[in-house]
Amino acid sequence: IYLDIFINILNPKYFLDNRRNFMEKKSKKSLIKFLKRNEISNKVNPKYLDIYNELKHLLSSGEFEKNSYLPSEKKLSDIYKTNKCTLRQALNLLKNDGYILSVPSRGWQVVSNSAKTGLTINLNPVLLLGASHDPCARVFSSAKGVLKNCGLQFITEQIPEAEFIFQVQKYNFSEYSPSAIVLFCDLNIPENVLTYCKSRGIPLVCAGYNAQSDNFDAVSTDNVYASHQMVSRIFEKGAKKILYVTDQRIIKVIPSFHSRFKGYIEAMQTNDLEPDYVLLEFNTLIYDKCREIFSAKIKDLLSKNALPEALIFPNHTLMPDAVSILESLEIDTDKIIYGMFGCSLNRLKYRSLGIRDNTIIIEENWNEIGKICAETVVSRLKTKNYVPNLTLVKPFFLNDNPELLTKLKNEEELISYI
């Protein structure tokens with residue numbers, strides 16, 4: 001036996017690393033102690049996994065009937081010659097798989113003879129990777145709840161928004177070797193992410209990416225539908241002349257902004273109205289060039305006596321500066337209806353944007369997007385052959401929630417919050 005052990009450990013690397021200690025132990029007694037201390041175990045799995053696999057086999061084969069109870073933890077510990085901590089690791093894995101349930105004062109009850117997910121416990125964690133902003137936090141919070149219920153481990157990493165793409169492009173995915181990746185990204189997905197997932201054969205789900213892809217699943221707001229609903233609500237308020245304000249580059253680069261603009265064009269044409277829009281050079285009005293473009297458009301419409309009755313902004317950053325420019329041109333801004341795609345508005349953001357009562361606000365349902373992302377991961381881990389899919393989630397209007405709007409507007413609550 002000791003000769004077999006000696007042969008196992010006597011390879012060049014092992015011998016060189018231990019040569020000094022080995023040469024010092026010349027006696028037979030010392031050699032035996034050395035071999036015992038360095039004995040290489042043939043076991044691949046830790047003890048709790050062996051217990052888990054054996055109990056899982058017994059449960060799957062019907063050895064324990066549904067609604068019956070497993071032997072006590074003391075008896076199981078004696079049977080498997082282990083301590084309670086190791087045993088509970090195995091029992092908790094069975095619980096996560098949906099086989100058993102802990103009943104206070106009774107023990108472990110058998111609730112099913114098959115796993116609820118069909119997933120193996122040997123999976124590496126799911127990596128949740130995104131930027132450090134509120135929408136991403138909402139998506140990941142919701143996704144983690146689903147993954148936890150399915151017994152899957154996860155790692156969350158949020159990178160500062162300004163550095164996100166740069167950091168992702170040089171990200172070391174091998175550090176975690178994830179079993180799947182949920183990426184919060186509405187831009188073109190970095191090539192290194194696609195290459196890594198394809199080479200490892202692991203699922204990639206992109207939250208917020210509003211386009212169909214052959215390389216990954218995507219879950220996003222139905223932005224075309226959102227724009228149709230926005231235009232429809234503006235019509236209900238009696239406005240027909242609508243001006244859409246956006247960045248000419250962002251609608252080419254970011255699928256969600258492209259879809260919002262496309263939805264606006266379709267909605268206007270469906271109602272036999274001519275779409276009108278102003279294309280800026282950046283997604284902001286703080287730069288002189290952008291202010292000049294917007295001011296020139298408004299002045300042109302004023303000269304034609306065709307001042308817009310409503311303005312639509314594809315995100316929340318454009319509105320305050322647009323209103324400021326309109327006021328500088330002595331236009332009554334209270335008579336204009338504003339349509340805005342919000343971005344997880346809170347009280348501070350709401351007040352800083354100077355949002356008026358005549359503003360229609362669409363919010364994206366990030367919690368639902370996160371839930372679907374996690375459910376997609378679970379589904380893909382169970383099936384090797386699948387066709388990537390785009391899942392669209394309906395947004396909601398803040399205007400349909402008067403209680404929330406009241407909280408956003410309430411000055412006393414704002415001061416208390418600060």
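Helix α12 gives the largest share of the lining of the largest pocket, namely three residues. The structure is a predicted model, in which local features need pLDDT of at least 70 and side-chain atom pairs count only at pLDDT 80 or more, while totals for chains, interfaces and linings use all residues. Residues are numbered from 1 along each chain as its sequence is written, and side-chain values use heavy atoms, with hydrogens and water left out.

The largest pocket has a volume of about 830 Å³ and is lined by 34 residues, of which His 133, Glu 161, Asp 186, Ile 254 and Phe 257 lie nearest its centre. A pocket is here an open set of points on a 1 Å grid over the protein atoms alone, where a 1.4 Å probe fits and protein lies on both sides within 12 Å along at least five of seven lines, and lining residues have an atom within 4 Å of a point. The volume is the space filled by probe spheres set on the points, which are joined across faces, edges and corners. Two or more residues of the lining come from each of α7, α8 (164-169), α11 (250-253) and α12 (255-270).

In the protein there are 18 helices and 14 strands, taken as DSSP runs numbered from the N terminus (helices H or I, at least four residues; strands E, at least two). Buried residues make up 44% of the 418 residues, where buried means under 20% relative accessible area with a 1.4 Å probe and protein chains only. Of the contacts with a separation of 6 or more, 65% are accounted for by residues 24 or more positions apart, a contact being heavy atoms within 4.5 Å.

One open sheet is formed by six strands in the order β4-β3-β5-β6-β7-β13, with parallel pairing; two strands pair if DSSP finds at least two bridges between them. Its edge strands, each of which pairs on one side only, are β4 (154-159) and β13 (390-393). From one strand to the next the twist averages 15°, with axes fitted as lines to C-alpha atoms, for helices over the stretch in contact, and angles running from 0 to 180 degrees between N-to-C directions. Strand β3 (residues 126-131) pairs with β4 over six bridges in the parallel sense, and Leu 127 has Ile 155 in β4 as its bridge partner. Helix α7 (residues 134-149) packs on this sheet, touching β3, β4, β5 (180-184) and β6 (204-207), and its direction makes about 175° with that of β4. Helix α16 (residues 366-382) lies across β3, β5, β6, β7 (217-221) and β13, and runs at about 165° to β7.

Within this sheet, β5 and β6 pair in the parallel sense over four bridges, and Leu 183 stands opposite Cys 206 in β6. Both faces of β6 are covered, with Leu 204 and Cys 206 buried on one side and Val 205 and Ala 207 buried on the other. Strand β6 is in turn joined to β7 by three bridges, the two running parallel, and Cys 206 stands opposite Ala 218 in β7. Because five of the five residues of β7 are buried, this strand is largely enclosed by the rest of the structure. On to β13, β7 pairs in the parallel sense over four bridges, with Val 219 opposite Thr 391.

A further open sheet of six strands follows the order β9-β8-β10-β11-β12-β14, and its pairing is mixed. The edge strands here are β9 (276-280) and β14 (396-397), each pairing on one side only. Strand β11 (residues 337-341) runs parallel to strand β12 (residues 359-363) and is joined to it by four bridges, and Phe 341 stands opposite Ile 362 in β12. Helix α14 (residues 319-328) lies across β10, β11 and β12 at about 160° to β11, and α12 lies across β8 (242-247), β9, β10 (310-313) and β11 at about 160° to β8.

Helix α12 also holds Tyr 264, which counts as buried because its relative accessibility is 0%. Leaving aside neighbours within four places in sequence, the contacts of Tyr 264 include Ser 227, Val 231, Ile 242 and Ile 312. Tyr 264 and Ser 227 are 37 residues apart in sequence, yet 5.3 Å apart in space, C-alpha to C-alpha. Both Ser 227 and Val 231 are among the buried residues of α10.

Key: Buried < 20%, exposed > 50% of the residue type's maximum accessible area, 1.4 Å probe, protein only.
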